[in-house]
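Please look over the sequence and the model below before reading on. The paragraphs that follow go through a few of its features in turn.

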Amino acid sequence: SELKVKGGVRVDNAEGPAARAGLREGDVILSVANQETPSAKAFEAAVAKLDRSRPASVLVRRGDWAQYALIRPNGR
């Protein structure tokens, strides 16, 4: 609510592919593969549907701006 967004999942720690994509602590993930993630449950459901061998787009809010990041599995 303090970021004035309807929902999202706050990043507490980013490592591996997420860190390589530029995600960092404090970011808020608004969607995964064009699926809104207003809650942790919705985030987990969206991630469960991903093909882990292919890159996934993530809409991330950081401060006053939002941008897409592409998370590539295994650094590909």
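Which residue in strand 5 does arginine 61 stand opposite? Arginine 61 stands opposite alanine 66. The model is a predicted one, in which local features need pLDDT of at least 70 and side-chain atom pairs count only at pLDDT 80 or more, while totals for chains, interfaces and linings use all residues. Residues are numbered from 1 along each chain as its sequence is written, and side-chain values use heavy atoms, with hydrogens and water left out.

Strand 4 (56-62) and strand 5 (residues 65-71) run antiparallel and are joined by seven bridges; two strands pair if DSSP finds at least two bridges between them. Helices (H or I, at least four residues) and strands (E, at least two) are DSSP runs, numbered from the N terminus. The hairpin of strand 4 and strand 5 has two residues between the strands, and in this hairpin glycine 63 takes a positive phi near 65°.

Most residues other than glycine have a negative phi. Against that background, alanine 33 has a positive phi of about 50° although it is not a glycine, and asparagine 34, also not a glycine, has a positive phi of about 65°. Alanine 33 lies in the loop between strand 2 (28-32) and strand 3 (35-36), where asparagine 34 is found as well. Alanine 33 is partly exposed, at a relative accessible area of 32%, whereas asparagine 34 is exposed, at 61% (buried means under 20% relative accessible area, exposed over 50%, and partly exposed in between, with a 1.4 Å probe and protein chains only).

Leucine 50, in the loop between helix 2 (40-48) and strand 4, is partly exposed, with a relative accessible area of 24%. Leaving aside neighbours within four places in sequence, leucine 50 is in contact (heavy atoms within 4.5 Å) with Val32, Ala33 and Ala56.

Leu50 is also among the residues nearest the centre of the largest pocket, together with Ala18, Phe43, Val47 and Ile71, out of 22 that line this pocket. On a 1 Å grid over the protein atoms alone, a pocket is an open set of points where a 1.4 Å probe fits, with protein on both sides within 12 Å along at least five of seven lines, and lining residues have an atom within 4 Å of a point. The lining has 15 nonpolar, one polar and six charged residues, where Ala, Val, Leu, Ile, Met, Phe, Trp, Tyr, Cys and Pro count as nonpolar, Asp, Glu, Lys and Arg as charged, and the others, Gly among them, as polar.
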